Amino acid sequence: MAFPAYRPYAAPAQRGVSLIELMVGLTVLAIALMMGVPSLGEWIRNSQIRSTAEALQNGLNFARAEAVRRNTVVRLQFTDTLDDNCALSDTGTHWVANASSSVPPTSLCGHPVDEAVTPFIVQKGNPVATGSGATISATESTIAFNGLGRVASTTNPDVAVGTLTVDVQSSNGACAADSSPMRCLRLVVTPAGQVRMCDPARTEATDPMVCQ
């Protein structure tokens, strides 16, 4: 019985990509990237706004908790810097919490955290990260909490008990309408001491993020 002659296996020929196919693929990729870049930019700006608002909310809650823990007045004040040239500012990108109702951290922000030495600093922070496009605008540069966790009045500067609002926005675009892709946020501190985050563009009464 004769067996057929052995023939080695021949792999299928490999076909490369033509120049035209390569150019078409690159064009499609470029179009996809151009369509995605605006959405990516909006996502980054919204993330900056959100992280700034959350950092500021944490700072306010910290000052309130420290006031309750120490059973004394603790103030959180917005400042333009954290060095010894600092000044109070309702658009300041930093904050200083100190255990006093009358001693401001003005020109003393560079001092270390030390509750026993003027200006009795208990914590410092910068909610607006370096290079971030987020901005803040508060109705007052100073907010104080007493030992019951309620908002307290202060001197130097003189601030009466009231509601504090802090708008967190982006310097790269407007976000006034609900249809805007930019989601600005607002922090509201009530006289009772509640610290709440909301979206000023939302209007539905049942929406938990609506600003009342």
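Strand β4 pairs with strand β7 (residues 164-170) in the antiparallel sense over 5 bridges, and within this predicted model Ala134 is the residue that stands opposite Ser170 in β7. The pair belongs to an open sheet of 4 strands, in which the order is β4-β7-β8-β9 and the pairing is antiparallel. At the edges of this sheet lie β4 (134-138) and β9 (195-198), each of which pairs on one side only. Neighbouring strands of the sheet are turned against each other by 20 degrees on average, with direction ignored. Strands of a sheet pair through backbone hydrogen bonds, either parallel or antiparallel.

Seen along the chain, the protein has 1 helix and 9 strands, and from the N terminus on these elements run α-β-β-β-β-β-β-β-β-β. Of the contacts with a separation of 6 or more, 55% are accounted for by residues 24 or more positions apart. The protein has 212 residues, of which buried residues make up 35%, and it exposes about 12,200 Å², with carbon and sulfur atoms supplying 58% of that area.

From the sheet the description can turn to charged side chains. Side chains of opposite charge can pair when their charged atoms come close. A search of the whole structure finds 7 salt bridges, and among them is the one between Asp199 and Arg202, with an N to O distance of 3.5 Å. Its two partners differ in burial, because Asp199 has a relative accessible area of 3% and is buried, whereas Arg202, with 31%, is partly exposed. Elsewhere, salt bridges that share partners join Glu66, Arg69, Arg70 and Glu115 into one network.

Within that network, Arg70 forms a salt bridge with Glu66, and their closest N and O atoms are 2.8 Å apart. Both residues lie in helix α1 (residues 19-70), where they are 4 residues apart, about one turn of the helix. Glu66 counts as buried at 10% relative accessibility, while Arg70 is partly exposed, with a relative accessible area of 23%; the threshold that separates the two descriptions is 20% relative accessible area.

Arg70 also takes part in a salt bridge with Glu115, again with the closest N and O atoms 2.8 Å apart. This pair links distant parts of the chain, since Glu115 is in the loop between β2 (94-98) and β3 (121-125) and Arg70 is in helix α1, 45 residues apart. Glu115 counts as partly exposed, at 48% relative accessibility. Arg70 thus has a salt bridge to Glu66 and another to Glu115.

A further site to examine is Thr142, which lies in strand β5 (residues 142-145). Is this residue buried or exposed, given its relative accessible area? Thr142 is buried, with a relative accessible area of 2%. Its side chain makes a polar contact of 3.4 Å with the side chain of Ser141, and a polar contact of 3.5 Å joins the side chains of Thr142 and Gln77. When neighbours within four places in sequence are left aside, the residues in contact with Thr142 are Arg75, Leu76, Gln77, Leu88, Thr154, Pro157 and Val159. Gln77 therefore appears both in this list of contacts and, because its side chain is joined to that of Thr142, in a polar contact.

Technical notes:
Residues are numbered from 1 along each chain as its sequence is written. This is a predicted model: local features need pLDDT of at least 70, side-chain atom pairs count only at pLDDT 80 or more; totals for chains, interfaces and linings use all residues. Side-chain values use heavy atoms; hydrogens and water are left out. Helices (H or I, at least four residues) and strands (E, at least two) are DSSP runs, numbered from the N terminus. Buried means under 20% relative accessible area, exposed over 50%, partly exposed in between (1.4 Å probe, protein chains only). Contact means heavy atoms within 4.5 Å. Accessible areas come from the Shrake-Rupley method with a 1.4 Å probe; for residues, only the protein chains shown count as cover. A salt bridge is a side-chain nitrogen of Lys or Arg within 4 Å of a carboxyl oxygen of Asp or Glu. A polar contact is a pair of N or O atoms within 3.5 Å; within protein, one must be able to donate a hydrogen and the other to accept it, and residues adjacent in sequence count only if both atoms are side-chain atoms. Two strands pair if DSSP finds at least two bridges between them. Axes are lines fitted to C-alpha atoms, for helices over the stretch in contact, and angles run from 0 to 180 degrees between N-to-C directions.
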